[in-house]
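Let's take a walk through this model together. We will begin with a pair of helices and then turn to a sheet.

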Amino acid sequence: MEPGSSFSSESLSPAAGDTRQQPSTLRKRKNEEEHRTSKTPRIEALNAQSVDVDSHWQSIAFFHEVIADAPHASSKYASLNPEQKLILALGARNLSLATCRSGSAGEKDKKILERVVGILDADEDPTLVGGMSVSFYPSRRYSMLKYIADLDGKVRDGRNVNHFAQVMKVPRLFAVFVNPAELSYHNFENIVPLDRWVEERMSMAQDDATDGLELELADIRRLDRKKDVFTAKLDGTRSGMLRDISDLSLYVAPLNRGTRGGERFIFHSAILSQALTRAVKTSRLLDLIGHGKLGHEFEFVNYVFRSNKFAAADGDFENHLDSPYYDRARNHVSKYTLLIYLSAGQNTPLLRVQGVDVGQVEEMTCVIFDQKYEHEGRPFIKGDKVFLRTELVFRDENLRRDDAISKVFSSACYMAGQSLFDRELASYAHECFERANSLHWSLDRASRDAVYLLKQFQGLGFMTNGYNYWFPKCGTMSLQDYAAMSVLDYFNCKIGSQPFRSLAESTVVKEQFGSAGDIWRYLCSRRSDNKTASFPRLQTSHLDSLIKRTPDKPFEDGHHGSGLKGEELENPCCFMHTHPSFNPWRSKDVMDMYDKCSNYTRGRLLCAPIVMLDNQVVLNDDNIQVAGDKVHILQDINREALPPLNFAACWAEAPMPEAFVTLDREVPAPQLLVPPIRFHEFEDGFELGVDFFRNDWLVRVDTARGVPVPRVVPHPVDEGENPFFERLVSRQAEGEGDLAELDD
């Protein structure tokens, strides 16, 4: 790490401008000269007996001490006490962020980080956020960096997040490390909300900031008279703020880095969208694109932006088509890509769009082109190439649905997730994305033969191509079982603490199939001898076993000497008048509240199609219904809220009856608002078609949703800290993107 790369030990996060003097005594190591002395705080970790606020930062020297003897590094790490391991984990976190964010770590530091991460134990008690287990430090399991806004407000059970690095104050953004095996299309990308950052930067509220961010598209030029490829200059007194966005150091390597170089992060800003929309509408651009025929259909500039950065040594961005924004419900579709270059540079060419070359750009140069054009990019010859990408969105009343696009796009999303386990699938996923994009513009391109995956889960072998699922008829398994397994696999739902794809064996099938009969013969030839059984069904006994009817241990009666009579103890009026002899299990008001909470829990579980009980998948057939050639996954039908409860007048002061009802556990019950699953029955099995990208459906998946189960406690829970009632408040959206953002 270079001199002057400093961190704040008070906030447990990198802090710019922190130049406080730190201890400079370093351990003497033979390779110490390879690393220049850093001002980063450090401690004598191997002799540490406790961890305090000034002990969280670890120098490169201690890393050397642990990994110096490679064959014995793991055993040396194993000999450390928990506090020393915590110190090492925090040090790995810091070095990882220095590598990703500040660029202050050198190549040797990166190699040290790789070796340290290789020996670190995975976080055995990770924090759960939005269906993902997140760790504050990198390890072999939790290897992917993400950013989450307001992390402390999203964690469960009021867990402390002090060890997570807060990398921004506005928005309150935290760095986390996730397990790639837990990812699916709905959480591959996270979108950083930046409107509050813009407001603070401009010292204005959102409406004023939108008006104050004055931008103008000037000097618009068509680069080829036969093609819709344009350049323009983005002017405005506040245009420099776009460069500040690119300097936020939130870049991560893209998932599809096999087909593109560089780094990027995705952010959301309605303020920037509205300012650019105004700039487009007041320019000549709408008179030029589509030969002047599209201007009246223009709606807005997309509010989701990708900030891209390519170093001179990075690989090219291979020839591709951009994935269009598509909202069928509103008849919205993007038709033109907008690139805003935030740095100046050149190459031969740096951008090629359908044979039209751009060889040099200045800061704030814009390039606008038709999204049906293939294009490729190269880094600058010298310096970083930094640019924003978004698109122009139009209203088109003539949009029509094409099942062929849905099939290819669904396969692309699914295979992109599988490529995290098998990198050979990454190129196939990219080809699927490209074919789906070309089909949007009636430019169908040839693609390789379809790829199939053979999967094994709990003794059942089935096959999928990411859109169709083939299940052989087997034992007591029913169509509802097959539909549930399709959903669990596609969305990578967790069963207990493990994602589905970690529990299912997966093999790439080399054969090609000309008919469904070929598939059934293939599956039959690989049928295992393991017995298969259908998923258990939700029964009343399951629900009754969750609700406790008696206390865990006898109530300790403290009424001696209190002067209370037997009737007052058998049915206490309230806590205030009977403390310390108040027994909540004998209070009519507390029991009424407990019964209402219990009924709420039962109702929520009865509204769920799939629940996880004791790490086991349990189906509710009432909410997985077959009608015609479709399986309907029903969610939250006739769900009722927790009803209000009025109390007697003597409950006038805290604690109220609800203070004695708190959270016992949560039963995972994924929220699965998805379109019907089509099926076709064959003699040998069922073929199911999953189309989870239909834009006339509001598809929403929350694999982390749980149903709270209440319990009665002998002592009141502090007001405002009751986890059961906190669960009744709907969680805010997580700000995560789907794979529509992945392959651009």
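Helices (H or I, at least four residues) and strands (E, at least two) are DSSP runs, numbered from the N terminus. Axes are lines fitted to C-alpha atoms, for helices over the stretch in contact, and angles run from 0 to 180 degrees between N-to-C directions. This is a predicted model, in which local features need pLDDT of at least 70 and side-chain atom pairs count only at pLDDT 80 or more, while totals for chains, interfaces and linings use all residues. Residues are numbered from 1 along each chain as its sequence is written, and side-chain values use heavy atoms, with hydrogens and water left out.

Start at helix 10 (residues 403-418), which packs against helix 11 (residues 424-440) at an angle of about 155°, their axes 8 Å apart. Because angles over 145 degrees count as roughly antiparallel, helix 10 is roughly antiparallel to helix 11. Where they touch (contact means heavy atoms within 4.5 Å), helix 10 contributes residues including Ile-405, Val-408 and Phe-409, and helix 11 offers, among them, Leu-425, Tyr-428 and Arg-435.

Now look at the sheet, where 4 strands lie in the order 14-20-17-18 as an open sheet with antiparallel pairing. Two strands pair if DSSP finds at least two bridges between them. At the edges are strand 14 (317-320) and strand 18 (356-361), each pairing on one side only. From one strand to the next, the twist averages 15°.

Within this sheet, strand 17 (residues 345-353) joins strand 20 (residues 375-377) in the antiparallel sense over 3 bridges. Leu-351 has Gly-377 in strand 20 as its bridge partner.

Key:
Angles under 35 degrees count as roughly parallel, over 145 as roughly antiparallel, 65 to 115 as roughly perpendicular and the rest as oblique.
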